[in-house]
Amino acid sequence: NIKDSKTRYSFRKTTQYLFVIVSFLIVLRIWIPNPQALLVAYGLIAAGVAIALQDVFKNFAGALAILLSGVYQVGDRVEVNSYYGDVIDIGIFYTTLIELRKWVDGDQTTGRITLMPNGQVLSFPVQNYTKDHNFIWDEISLPITYTSNWKKAVELINTVVKAKTAEITKLAEREISQLEEKYYLSKRNIEPMVFVIPTDNWIMLRIRYVTDIRERRLFQNEIAKLIL
């Protein structure tokens, strides 16, 4: 009588599982008339189920750890094991992410919804990009020839990048000051810098600057075009 094929399949599978479980318990009760032995049998079954479902219990414990410790919240951008994305929901057993990276360059979404087991936070380091601040350091590598005026290049790049990152740099300074009140954090230079690295074939210029974590790729693109 169920017309929808997906619903019919789910209903059929559920009834099959329930039938097997109930039948097993009834047969077990017939085979073991002694109530004490039956309790022992049920205890052994419960122990077996607990071992078989240890990942389920671990995920539940992970959910408690997430909620109690605040390791991340909905809206944070996190990386745990091989999972990377923005948190859109925290459930009892799974954390739902909008997936980033993978086959897409930069920190842009792939369009997939990823369900990350909560137990991952108990076994792997949690990298939270937005827990106490919204900036991150980024770098652009720019090779130039040895015949180029590299000193002039460094001067031009510094001028362009400092002008472009002036606002985000001020915001980062305020957020770092707030971090120093919460953590032991040594002073860090957040002004844009250009590092010169000679190689066998060219001079590599490494441009380092701060950017908003959610605008990293777009910001990098804008700076690259201004430099060019």
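## A tour from K164 outward

Select K164 first: it counts as partly exposed, at 29% relative accessibility. The model on your screen is predicted.

**Stop 1: K164 and its partner**

Keep K164 selected and add E222. The two form a salt bridge, with the closest N and O atoms 2.6 Å apart. K164 sits in helix 5, E222 in helix 7 (residues 216–227). The pair links distant parts of the chain, 58 residues apart. E222 is also partly exposed, at 33% relative accessibility. Which class do these values give? Partly exposed covers the range between under 20%, called buried, and over 50%, called exposed, so the 33% of E222 falls inside it.

**Stop 2: the open sheet**

Now colour strands 6, 7 and 8. In what order do they lie in the sheet? The order is 6-8-7, the sheet is open and the pairing is antiparallel. Strand 6 (135–144) and strand 7 (193–198) are the edge strands, each pairing on one side only. From one strand to the next, the twist averages 25°.

Zoom in on strand 7 and strand 8 (residues 203–212). Six bridges join these antiparallel strands. To find one of them, select P198: its bridge partner in strand 8 is I203.

Next, show the helices that lie against this sheet. Helix 5 (residues 150–164) packs on the sheet and touches strand 6, strand 7 and strand 8. The direction of helix 5 makes about 5° with that of strand 8. Helix 6 (residues 166–182) packs on the sheet too, touching strand 6 and strand 8. For helix 6, the angle with the direction of strand 8 is about 65°.

**Stop 3: a salt bridge across the sheet strands**

Select R208 and E139 and show their side chains. They meet in a salt bridge, 3.9 Å from N to O. R208 belongs to strand 8 and E139 to strand 6. This pair also links distant parts of the chain, with the two positions 69 residues apart in numbering. How accessible is R208? Its relative accessible area is 28%, which makes R208 partly exposed. E139 is partly exposed as well, with 35%.

Why can such pairs form at all? Side chains of opposite charge can pair when their charged atoms come close.

**Stop 4: the largest pocket**

Turn on a pocket display, or select the lining by hand. The largest pocket holds about 280 Å³ of space. It is lined by 13 residues. Which of them lie nearest its centre? N128, D132, H133, F135 and L179 do. Strand 6 and helix 6 are the elements that give two or more residues to the lining. Strand 6 gives the most, with three residues.

**Stop 5: strands 1, 2 and 3**

Move to strand 1 (residues 77–80) and strand 2 (83–90). They pair in the antiparallel sense over four bridges. Select R77: its bridge partner in strand 2 is D86. The hairpin of strand 1 and strand 2 has two residues between the strands.

Stay in that loop and pick N81. N81 has a positive phi of about 60°, although it is not a glycine. With 41% relative accessibility, N81 counts as partly exposed.

Carry on from strand 2 to strand 3 (94–100). Five bridges join strand 2 to strand 3, and the two run antiparallel. G85 stands opposite E99 in strand 3. Here the hairpin has three residues between its strands.

**Stop 6: R101**

Step past strand 3 and select R101. Where is R101 found? It is in the loop between strand 3 and strand 4. R101 has a positive phi of about 70°, and it is not a glycine. Its relative accessible area is 28%, so R101 is partly exposed.

Now add E79. The side chains of E79 and R101 meet in a salt bridge, 3.7 Å from N to O. E79 lies in strand 1, and the two residues are 22 apart along the chain.

**Last stop: the network**

Widen the selection to E79, R101, D107, D138 and R216. Salt bridges link these residues in a network. How many salt bridges does the structure hold? There are nine.

Technical notes:
Residues numbered from 1 in each chain as written. Predicted model: local features only at pLDDT ≥ 70, side-chain atom pairs only at ≥ 80, totals over all residues. Heavy atoms only, no water. Pairing = 2+ DSSP bridges. Axes fitted to C-alpha atoms, helices over the stretch in contact; angles between N-to-C directions. Contact = heavy atoms within 4.5 Å. Salt bridge = Lys/Arg side-chain N within 4 Å of Asp/Glu carboxyl O. Buried < 20%, exposed > 50% of the residue type's maximum accessible area, 1.4 Å probe, protein only. 1 Å grid on protein atoms, 1.4 Å probe; cavity = no way out; pocket = protein on both sides within 12 Å on 5 of 7 lines; lining within 4 Å. Points joined across faces, edges and corners; volume = space filled by probe spheres on them.
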